[in-house]
Amino acid sequence: MANTTTYKGIYAMHKYWGKKPFNEISKFIEKYTAEGEVVLDSFCGSGVTLIEALKANRRCVGVDLNPIAVKLARISMTAVSPEDIKAAFHLIKKKMQTRINSLYEVEEAGETTLVTHTIWKNDVPIEVWYSTPKGKKMIREGRDTDVEMCRHPGLAPKWYPTSEMLENSRINVGKDQRVSDLFTPRALVGLSLILDEIQKIEDPKIRDIFELTFTGTLSQASNLVFVIRDRKKNQGREAKAEVGSWVVGYWVPEEHFEINVWNCFENRFKRILRGEQEIYDLFSGQREKELSEKAVLINGTATELPLEDDSIDYVFIDPPHANRILYMEQSLLWNAWLRLDEDMDWENEIVVSKAKRRTGKDAANYNFLLSRAFSEIQRVLKPDRYFSMAFNCLDDGTWIDILNIFIRHGFELEDIVPLEYSATSVIQDNRKNALKTDFVLTFKNTGLQDRRQLIFADDEMLENRIREILRQHPEFEVYNIMSALFEATIPRGFVYRVSHIVKKCAEIMG
């Protein structure tokens with residue numbers, strides 16, 4: 001059973017969907033490769049596989065269709081002096097902090113106070129948190145002045161994105177909704193001023209780091225931050241409010257926070273700086289050219305890899321699992337603010353989406369594009385080398401489709417192991433077709449194509465098979481049983497339905 005480690009340092013710098021436990025990925029890399037060999041992740045996301053490959057003295061190639069993912073991965077593998085980063089931050093702070101805080105200054109009893117948080121409910125400010133000149137934290141009720149300051153801020157905004165979002169009820173995007181609709185007018189002013197200052201930074205590496213700091217700031221500065229209320233009310237008073245976070249999609253809660261933009265930015269910078277220190281410690285000893293030769297990053301599609309045949313020693317991927325995470329749609333918030341959304345390749349994203357403007361993004365298109373991606377992996381992976389894929393889906397049709405795609409492209413199942421989540425996730429725990437853990441399926445590139453496709457077996461012998469496995473291995477868990485069943489039945493041309501295996505195991509094992 002995988003034993004995950006809480007994300008920190010590099011991996012805590014910026015939110016990204018579906019991150020996998022880095023310590024477990026490193027074990028796969030060390031098991032299936034030797035030092036100096038090449039690891040490919042053609043769905044590299046934020047770059048966890050690539051970073052772990054470099055740490056293990058391997059070379060790596062990362063490919064992703066999502067521009068912000070490639071930017072995040074590149075920054076996470078680029079060493080920049082923390083002292084230079086801190087110096088740049090202090091310049092931004094000197095120019096911006098007072099200006100942005102002026103948007104939140106309110107007179108209280110003859111003193112100028114600074115609003116840090118406003119709780120809005122149905123467009124009404126019901127609670128305002130503020131600090132006095134002596135730093136005392138206070139709470140008061142909202143007033144008409146708070147509405148006026150938020151809706152008509154005293155400073156003019158610089159550029160901010162008005163990109164139209166893709167209407168999709170699955171992630172709470174309504175008709176004609178725009179990225180700017182996720183923020184109050186006051187937040188738009190503050191964010192646009194910070195971004196304008198960041199884009200004046202001449203050093204592209206430092207500018208990249210602050211653009212990443214900025215996109216990491218966006219969710220906490222938006223209207224997506226829900227209010228957590230303590231259910232145990234104290235002596236009849238209203239339950240105490242706590243700050244939530246952006247969970248998933250673009251749901252604006254009825255009761256939500258508006259947080260001082262500068263505070264959001266400074267807090268995110270502290271997290272970025274810790275990550276940058278780790279990056280510097282890891283990679284500063286390597287020359288820039290040497291590191292660029294070890295790590296190749298490509299913003300492109302996994303269906304057309306610009307790589308030579310038989311050039312890769314090992315592949316680890318975590319592709320989109322049908323419709324569970326809509327990576328590009330949910331990254332539009334970040335891409336739009338950095339103007340990266342203008343050239344996003346929506347057509348080639350391997351995903352199932354019901355967004356009205358994404359016609360044809362159904363299961364058939366998903367399987368077609370995924371098959372092409374696996375075909376490319378088979379082409380570039382050396383013969384008899386290994387390919388691992390993290391997978392989480394309880395849908396039987398998706399499982400058999402995936403297995404048959406592998407078989408069709410000459411891969412032979414080698415192993416199935418679980419990969420526990422690094423942290424509790426609303427999606428992971430509650431999505432209808434999600435298992436409680438990811439599985440990592442590892443295949444060998446045999447090159448034996450066009451073998452017999454798998455079919456579903458009926459359940460007549462399923463219970464007996466499970467009981468026999470448990471009789472021989474009473475310590476087995478569900479994933480062990482699933483692996484044993486697959487190993488026994490796939491060579492015979494059939495599999496049992498995963499949902500039925502899980503249900504039957506629950507009945508037998510209590």
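A residue is called buried when its relative accessible area is under 20%. With that cut-off in hand, the tour of this predicted model can begin.

**Stop 1: helix 1**

Select residues 22-32, which form helix 1. Eight of the eleven residues of this helix are buried, so helix 1 is largely enclosed by the rest of the structure. To see them, colour Phe22, Asn23, Glu24, Ile25, Ser26, Phe28, Ile29 and Tyr32. What do the buried residues of helix 1 pack against? Their partners are helix 2 together with five strands: strand 1 (38-41), strand 11 (312-317), strand 12 (381-391), strand 13 (411-419) and strand 14 (438-445).

**Stop 2: helix 1 against helix 2**

Keep helix 1 on display and add residues 48-55, which are helix 2. The two helices pack at an angle of about 60°, and their axes are 9 Å apart. Helix 1 is therefore oblique to helix 2. Their crossing is right-handed. On the side of helix 1, show Phe22, Ile25, Ser26 and Ile29; on the side of helix 2, show Val48, Thr49, Glu52, Ala53 and Lys55. These residues make the contact, and they comprise five nonpolar, two polar and two charged residues.

**Stop 3: helix 3 against helix 7**

Next, select residues 67-75 for helix 3 and residues 204-218 for helix 7. Here the packing angle is about 125°, with the axes 10 Å apart. Helix 3 is thus oblique to helix 7. The crossing of this pair is left-handed. Helix 3 contributes Ile68, Lys71, Leu72, Arg74 and Ile75, which meet Asp208, Ile209, Glu211, Leu212 and Thr215 of helix 7. By type, the contact holds five nonpolar residues, one polar residue and four charged residues.

**Stop 4: asparagine 335**

Go to residues 332-337, helix 11, and pick out asparagine 335 within this helix. Is asparagine 335 buried or exposed? Its relative accessible area is 0%, so asparagine 335 is buried. Leaving aside neighbours within four places in sequence, asparagine 335 is in contact with Asn66, Pro67, Ile68, Leu340, Asp341 and Met344. One of these, Ile68, was already selected in helix 3, where Ile68 takes part in the contact with helix 7.

**Stop 5: tryptophan 337 and the nonpolar cores**

Now display Trp337. Which residues does tryptophan 337 touch? Not counting residues up to four places away in sequence, they are Trp159, Tyr160, Pro161, Val179, Phe183, Leu188, Leu191, Ser192, Leu195, Phe214 and Leu218. Trp337 also belongs to the largest nonpolar core, which has 102 residues. Those with the most contacts inside this core are Phe183, Phe210, Tyr250, Leu333 and Trp337. Add residues 261-283 to the view: this is helix 8, which gives the most to the core, with nine residues. A second core, separate from the one just described, has 59 residues, among them Ile400, Leu413, Leu454 and Val498.

**Stop 6: aspartate 415**

Finish at strand 13, where aspartate 415 is located. Aspartate 415 has a relative accessibility of 22% and so counts as partly exposed. Beyond residues up to four places away in sequence, the residues that aspartate 415 touches are Lys31, Val440, Leu441, Thr442 and Ser483. How many residues apart in sequence are aspartate 415 and lysine 444? They are 29 residues apart, while their C-alpha atoms lie 9.5 Å apart in space.

Notes. Residues are numbered from 1 along each chain as its sequence is written. This is a predicted model: local features need pLDDT of at least 70, side-chain atom pairs count only at pLDDT 80 or more; totals for chains, interfaces and linings use all residues. Side-chain values use heavy atoms; hydrogens and water are left out. A nonpolar core is a set of buried Ala, Val, Leu, Ile, Met, Phe, Trp, Tyr and Cys residues joined through side-chain atoms within 4.5 Å. Buried means under 20% relative accessible area, exposed over 50%, partly exposed in between (1.4 Å probe, protein chains only). Helices (H or I, at least four residues) and strands (E, at least two) are DSSP runs, numbered from the N terminus. Contact means heavy atoms within 4.5 Å. Axes are lines fitted to C-alpha atoms, for helices over the stretch in contact, and angles run from 0 to 180 degrees between N-to-C directions. Angles under 35 degrees count as roughly parallel, over 145 as roughly antiparallel, 65 to 115 as roughly perpendicular and the rest as oblique. A crossing is left-handed if the near helix is turned anticlockwise from the far one by less than a right angle, and right-handed if clockwise. Ala, Val, Leu, Ile, Met, Phe, Trp, Tyr, Cys and Pro count as nonpolar, Asp, Glu, Lys and Arg as charged, and the others, Gly among them, as polar.
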